[in-house]
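Notebook open, viewer running. I'll jot down what I look up as I go.

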Amino acid sequence: MRNTWAVFRREFAGYFQTPIGYVVCGVFAAISGLAFTLSLFNYARISQSPGMHGYPTVPDFEESFLSPWLVFCGSLIMFLAPLVTMRLFAEERHRGTIELLLTLPLRDREIILGKYFASLGMLAVMLLVVAADLALVGWLAPVEPAVLLFGTFTVFLMGASFFSVGMFVSSTMNNQVTSGTITFGLFLVLFVSGAISKDLPAQYPAPEAWPDALKLAAAVVYGVVRNLMQEMAIDGHAKDMAQGVLQIRDIAYYVLFSAFFVFLTFRSLESRHWRG
Amino acid sequence: MIEVEQLTKRYGNITAISGISFTVARGEVVGFLGPNGAGKSTTMRILTGFFPASSGTAKIDGFEVHQSPIEVKRRVGYMPERVPLYEEMSVLGFLRFVAQVKGVPSASRKDALERAMEHCGLGDMRLRQIGNLSKGYRQRVGLAQALLGAPPVLILDEPTAGLDPKQIVEIRELIHALRGEHTVLISTHILPEVSMVCDRAIIIHQGRNAAEFRLDKLAEGAGAKSLEEVFIEVIARGSEAAA
């Protein structure tokens, strides 16, 4: 515990001893703030004259403003996550400080969790911006504070998932830039495949001429691939949550997703014991 | 205190060390010598638990390095060869981190930090960023970091490499002062240094034990040789045997 805390502190302070922490928070604040202002103005215009914009009544605030903006913030973290996580292990390897870290009386658990929590600490700082914007919403609009709090939590869970992937990739690399690039590439693939999967038909459109066995096989494979594409897109489970709909399976999705990649990081760091 | 038996390390097809064995008694200061690429750093990295050996055992204070890594790491202060340090941290901040991880109790941490910095002549540099330090001072930070927590065993990989003569003398005196309290294994290319600070020398060559002798024995007898002569002779003999 004491050691995890020591690693956490060193790592977290590191974000703000270098420009990276300020740059990431600044960019996140600027873009999420801009999106907040623009979409709030847009919502205000629509709600003043819903008929002119094709709505029968004033659209639901949570559904048409709050949730899309929060999911946008979460997706924005996707772009910034590689910058936060690429250094975690790759930089230590590149600078050789990994030798120091691995010869100090630290357990793998203390190193990995300390580092992961430090990146989550960074995430918490980024979310202060979201919280400030939401506080404004709470003050101006009749939205339950619990919904806003849960919305912030949603963005946190999305970020934690992105960061866990980034940490894992960093733990396998010697170079920060490669680590960041691969992390980003991975996110983009997941994101795009998730977007594509929304337009895929529910059933595989097999030609009538195919034999039944082949049709069945194609349907099964198609089903698995389509489901995977839908599930692996990290933003998929955030939409409902961001409206304040509490579902165990959404939360479990993010917790398990992060836990899985943290687990992979453990295995990756352990591989030094058996790799040549 | 340090027991190494038949230690072998292979990287793919390359064998870095093969069957190295030696022991270092408690309180002894031993020079670990050999030409470049002899396997000194590899041996030290296995001893400190940075990576495992391909075969053979290494024990520190009775604990096998691979089986009880934490026990071993608590007992070893290690200064890696190129002295990797967290550039963005201040000297004090970095040493505080190391002290915390090494379990120096918070009540005595301040004293321990002061002592380590004073020992290594870092008093004036405490608030400097490590990235801005000169090579000599980086080396001292590396040494201070190894000394923190008063580990019984010190493993120093070329602690005086790249220092100016004055700094070398200072570090040498520092190591001299550690005698008795600590068991020290020190690798170096600078042979006079070994004669001055070490009780014993172990020479390895091409990943194998090449020679081992007490330095006070070297000066005795009719055919008294200097350490340089012995070193060159041993290396030449080893190379012939290999050829």
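I began with the start of chain B in this predicted model. Strand 1 of chain B (residues 2–11) runs antiparallel to strand 2 of chain B (residues 14–24), and I find seven bridges joining the pair. Following the pairing across, I see B:Leu7 standing opposite B:Ile20 of strand 2 of chain B. The two strands make a hairpin with two residues between them. I checked the turn as well: B:Gly12 has a positive phi there, about 60 degrees.

Next, confidence. Chain B has a mean pLDDT of 86, with 95% of its residues at 70 or more. Where in chain B is confidence lowest, and where is it highest? The low end is helix 8 of chain B (residues 215–218), with a mean of 72. Strand 6 of chain B (residues 76–79) sits at the high end, at 94. For the complex, I noted an ipTM of 0.88 and a pTM of 0.90 from the predictor.

Then I turned to chain A. I count 11 helices and zero strands in it, so to speak a plain run of α from the N terminus on. Its C-alpha trace spans about 65 × 60 × 30 Å along the principal axes. Chain A has 276 residues, and 39% of them count as buried. I also looked at contacts within chain A between residues at least 6 apart in sequence: 81% of these join residues at least 24 apart.

On to the contact between the chains. How many residues does each chain put in? I get 21 from chain A and 25 from chain B. On the side of chain A that touches chain B, helix 1 (2–17) and helix 5 (97–103) of chain A each supply at least two residues. Helix 1 of chain A gives the largest share of that side, six residues. By type, the chain A side divides into six nonpolar, nine polar and six charged residues.

Last entry: the core. The largest nonpolar core holds 137 residues. Which of them touch the most other members? My list reads A:Phe162, B:Phe94, B:Leu95, B:Ala144, B:Ile155 and B:Val184. I picked B:Ile155 for a second look and left out residues up to four places away in sequence. B:Ile155 then touches B:Met44, B:Leu47, B:Thr48, B:Val76, B:Tyr78 and B:Leu185. Two of those names, B:Val76 and B:Tyr78, took me back to strand 6 of chain B (residues 76–79), where chain B has its highest confidence.

Note on methods:
Residues are numbered from 1 along each chain as its sequence is written. Chains are lettered from A and ligands numbered from 1 in the order in which they are written. This is a predicted model: local features need pLDDT of at least 70, side-chain atom pairs count only at pLDDT 80 or more; totals for chains, interfaces and linings use all residues. Two strands pair if DSSP finds at least two bridges between them. Helices (H or I, at least four residues) and strands (E, at least two) are DSSP runs, numbered from the N terminus. Two residues are in contact if their C-beta atoms, placed from the backbone, lie within 7 Å. Ala, Val, Leu, Ile, Met, Phe, Trp, Tyr, Cys and Pro count as nonpolar, Asp, Glu, Lys and Arg as charged, and the others, Gly among them, as polar. pLDDT is the predictor's confidence in each residue, from 0 to 100. A nonpolar core is a set of buried Ala, Val, Leu, Ile, Met, Phe, Trp, Tyr and Cys residues joined through C-beta atoms within 7 Å. A residue is buried if 20 or more other C-beta atoms lie within 10 Å of its own, exposed if 12 or fewer, and partly exposed in between; C-beta atoms are placed from the backbone.
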